[in-house]
Amino acid sequence: MSNSNLFRLHFSKPIVGTVREDDRRAGWEIWYIECLSIAGDQSPPPDDLVFAVHRRMRDEDGNVVPVEVLSTLDLQAGFRDAYRREFAIARATVSEG
């Protein structure tokens, strides 16, 4: 899929964490997630996730995204991919150290 099919949502404050291996550490931050529209046979995201994203995240122009739009996006996959992306970078940094 092309990037034009992605909807990017930004946090005003990132989700942060730390990867530790022995005495080495690397921090990670999630500033945004990228979501595709849900497929026709896919269930919409849970309401509590939709409302949490509505409260905490904005579109690329800084605008609040309507709940009706958020409920059509695969928010769970967006979060999963963002965690995997940032955790992998931090893990590689710790392993190199």
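E86 counts as buried, at 16% relative accessibility, because that value falls under the 20% limit. The side chain of E86 meets that of R85 in a salt bridge, with 2.9 Å from N to O. The model is a predicted one, and a search of the whole structure finds four salt bridges. The points below cover these bridges, the aromatic rings and the packing of two helices.

**Salt bridge of R85 and E86**

- R85 has a relative accessible area of 24% and is therefore partly exposed, whereas its partner E86 is buried.
- The charged end of R85 also sits over the ring of Y32, 4.4 Å from the ring centre.

**Salt bridge of E34 and R8**

- A salt bridge joins the side chains of E34 and R8, at 2.5 Å from N to O.
- This pair links distant parts of the chain, with E34 in strand β2 and R8 in strand β1 (residues 7-21), 26 residues apart.
- E34 is partly exposed at 27% relative accessibility, and R8 is likewise partly exposed at 26%.
- R8 lies over the face of Y32 as well, at 4.0 Å from the ring centre.
- Y32 thus has R8 over its face, and the charged end of R85 over its ring.

**Network of E21, R24 and R91**

- Salt bridges link E21, R24 and R91 in a network.
- Within this network, the side chains of R91 and E21 meet at 3.4 Å, N to O.
- That pair connects distant parts of the chain: R91 belongs to helix α3 and E21 to strand β1, with their positions 70 residues apart in the count of separation.
- R91 is partly exposed, at 34% relative accessibility.
- E21 has a relative accessibility of 22% and counts as partly exposed, because the value is not under the 20% that defines a buried residue.
- R24 is found in strand β2 and is partly exposed, with a relative accessible area of 23%.
- R24 and R85 are 61 residues apart in sequence, and their C-alpha atoms are 19 Å apart in space.

**Aromatic pairs**

- The count of aromatic pairs comes to two.
- In the pair of W28 and Y83, the ring centres are 5.6 Å apart and the planes stand at 70 degrees, so the arrangement is edge-to-face; the angle qualifies because edge-to-face requires over 60 degrees.
- W28 lies in strand β2 (residues 24-35) and Y83 in helix α3 (residues 75-96), so that the pair links distant parts of the chain, 55 residues apart.
- W28 is buried, with a relative accessible area of 13%, whereas Y83 is partly exposed at 36%.

**Packing of helices α1 and α3**

- Two packed helices are described by the angle between their axes and the distance between the axes.
- Helix α1 (residues 47-56) packs with α3 at an angle of about 65 degrees, and the two axes are 10 Å apart.
- On the side of α1 the contact is made by L49, V50 and V53, and on the side of α3 by L75, Q76 and F79.
- The residues of this contact comprise five nonpolar, one polar and no charged.
- Q76 is the polar one, because Gln is not among the residue types that count as nonpolar or charged.

Methods:
Residues are numbered from 1 along each chain as its sequence is written. This is a predicted model: local features need pLDDT of at least 70, side-chain atom pairs count only at pLDDT 80 or more; totals for chains, interfaces and linings use all residues. Side-chain values use heavy atoms; hydrogens and water are left out. Rings of Phe, Tyr and Trp (its six-membered ring) pair if their centres lie within 6.5 Å; planes under 30 degrees apart count as stacked, over 60 as edge-to-face and the rest as tilted. Helices (H or I, at least four residues) and strands (E, at least two) are DSSP runs, numbered from the N terminus. Buried means under 20% relative accessible area, exposed over 50%, partly exposed in between (1.4 Å probe, protein chains only). A charge sits over a ring if NZ of Lys or CZ of Arg is within 6 Å of the ring centre and within 35 degrees of the ring normal. Axes are lines fitted to C-alpha atoms, for helices over the stretch in contact, and angles run from 0 to 180 degrees between N-to-C directions. Contact means heavy atoms within 4.5 Å.
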